[in-house]
Amino acid sequence: MDISSAGLRVLRQIAESGSFTAAAARLGYTQSAVSRQAAALERSAGTTLFERRPDGIRLTPSGLTLLRHAHTVLASLAAAERELAGIVPRTELVRLGVFMSAGAAILPAALAHLTAADPQITVTTSEGTTPALIRALRAGSPDLAVLTSRPPHRPFDGDSPRLHVETVTDTELVVAVPSTGEFAGRTTVQSTSWSTPRGSPPRHRALSRCSASGPACPDGLVSSTPRATG
């Protein structure tokens, strides 16, 4: 197969972004350039690599196979670039993705503990919504991700590759109300209809659909491979 490193980067970014348009924006390419690279990859591979679905682009089993090898090739190229530049990494890098509120609520204490316990580990973080982080995990971009399983997210079911999941904490949504008024004195609220300000982040809109009287929802630490959890 005659496949370029640029083509492999496009494959990886499409897998992570879930669309040709988003992949083009992140890579700084035009959408037509990404489409051409995708078509060239499929011609070289001699098989279909991309599945077009209502919710975006997913990789076929053949695409996932090529993606697995793409990670190895691109990591080797990056290591060669560092070596040629005389840069020798002194720490082990762990890439961590987090949903937005977890960055403030969970990470500071956890990272401080990790630094004290093992200073040779360097953690880089990136924020995203749970669906975006799931795509990134399956594309192999982060090593770990802290996700939420609150409705409407169901990050632990569905498409391959399967994710290894460990529950970090269970949290519960609560509603603050005035001391006088319709909800004063109640211990639960049964309604599931909530309003949020226009322009609220997707995370906030997702939470607005949760029931305040529902069960606790777990936040999970998820990785695409069992060795990466902790």
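In which helix is isoleucine 14 found? Isoleucine 14 sits in helix H1. Helices (H or I, at least four residues) and strands (E, at least two) are DSSP runs, numbered from the N terminus.

This is a predicted model: local features need pLDDT of at least 70, side-chain atom pairs count only at pLDDT 80 or more, and totals for chains, interfaces and linings use all residues. Residues are numbered from 1 along each chain as its sequence is written, and side-chain values use heavy atoms, with hydrogens and water left out.

**The chain**

The secondary structure comes to 8 helices and 7 strands. Of the 230 residues in the chain, 31% are buried. Buried means under 20% relative accessible area, exposed over 50%, and partly exposed in between (1.4 Å probe, protein chains only). The chain exposes about 13700 Å². Carbon and sulfur atoms supply 54% of that area. Accessible areas come from the Shrake-Rupley method with a 1.4 Å probe; for residues, only the protein chains shown count as cover. Contact means heavy atoms within 4.5 Å. Among contacts between residues at least 6 apart in sequence, 66% join residues at least 24 apart.

**Two residues of H1**

Helix H1 covers residues 5-17, and serine 17 belongs to it. The table sets serine 17 beside isoleucine 14; its contacts leave out residues up to four places away in sequence.

| Residue | Relative accessible area | Contacts |
|---|---|---|
| Isoleucine 14 | 0%, buried | Ser19, Phe20, Ala23, Val34, Ala38, Phe50 and Ile57 |
| Serine 17 | 7%, buried | Ala22, Ala23, Arg26 and Arg135 |

Isoleucine 14 and arginine 135 are 121 residues apart in sequence. Their C-alpha atoms are 9.5 Å apart in space.

**The nonpolar cores**

A nonpolar core is a set of buried Ala, Val, Leu, Ile, Met, Phe, Trp, Tyr and Cys residues joined through side-chain atoms within 4.5 Å. The largest has 20 residues. Leu11, Ile14, Phe20 and Phe50 have the most contacts inside it. Two or more residues come from each of H1, H2, helix H3 (31-45), strand E2 (56-59) and helix H4 (61-84). H1 gives the most, with 5 residues. A second, separate core has 14 residues, including Leu96, Phe99, Leu144 and Leu163.

**The aromatic pair**

Rings of Phe, Tyr and Trp (its six-membered ring) pair if their centres lie within 6.5 Å; planes under 30 degrees apart count as stacked, over 60 as edge-to-face and the rest as tilted. The count comes to 1 aromatic pair. The rings of phenylalanine 20 and phenylalanine 50 have centres 5.8 Å apart and planes at 90°, so the pair is edge-to-face. Phenylalanine 20 lies in helix H2 (residues 20-27) and phenylalanine 50 in strand E1 (residues 50-53), so the pair ties together parts 30 residues apart in sequence. Both phenylalanine 20 and phenylalanine 50 are buried.

**H1 against H7**

The axes of H1 and helix H7 (residues 130-139) come within 7 Å and cross at roughly 145°. Axes are lines fitted to C-alpha atoms, for helices over the stretch in contact, and angles run from 0 to 180 degrees between N-to-C directions. H1 brings Arg12, Ala15, Glu16 and Ser17 to the contact; H7 brings Ala132, Arg135, Ala136 and Ala139. These residues divide into 4 nonpolar, 1 polar and 3 charged. Ala, Val, Leu, Ile, Met, Phe, Trp, Tyr, Cys and Pro count as nonpolar, Asp, Glu, Lys and Arg as charged, and the others, Gly among them, as polar. H7 is mostly covered, with 7 of its 10 residues buried. Just after H7, glycine 140 takes a positive phi of about 85°.
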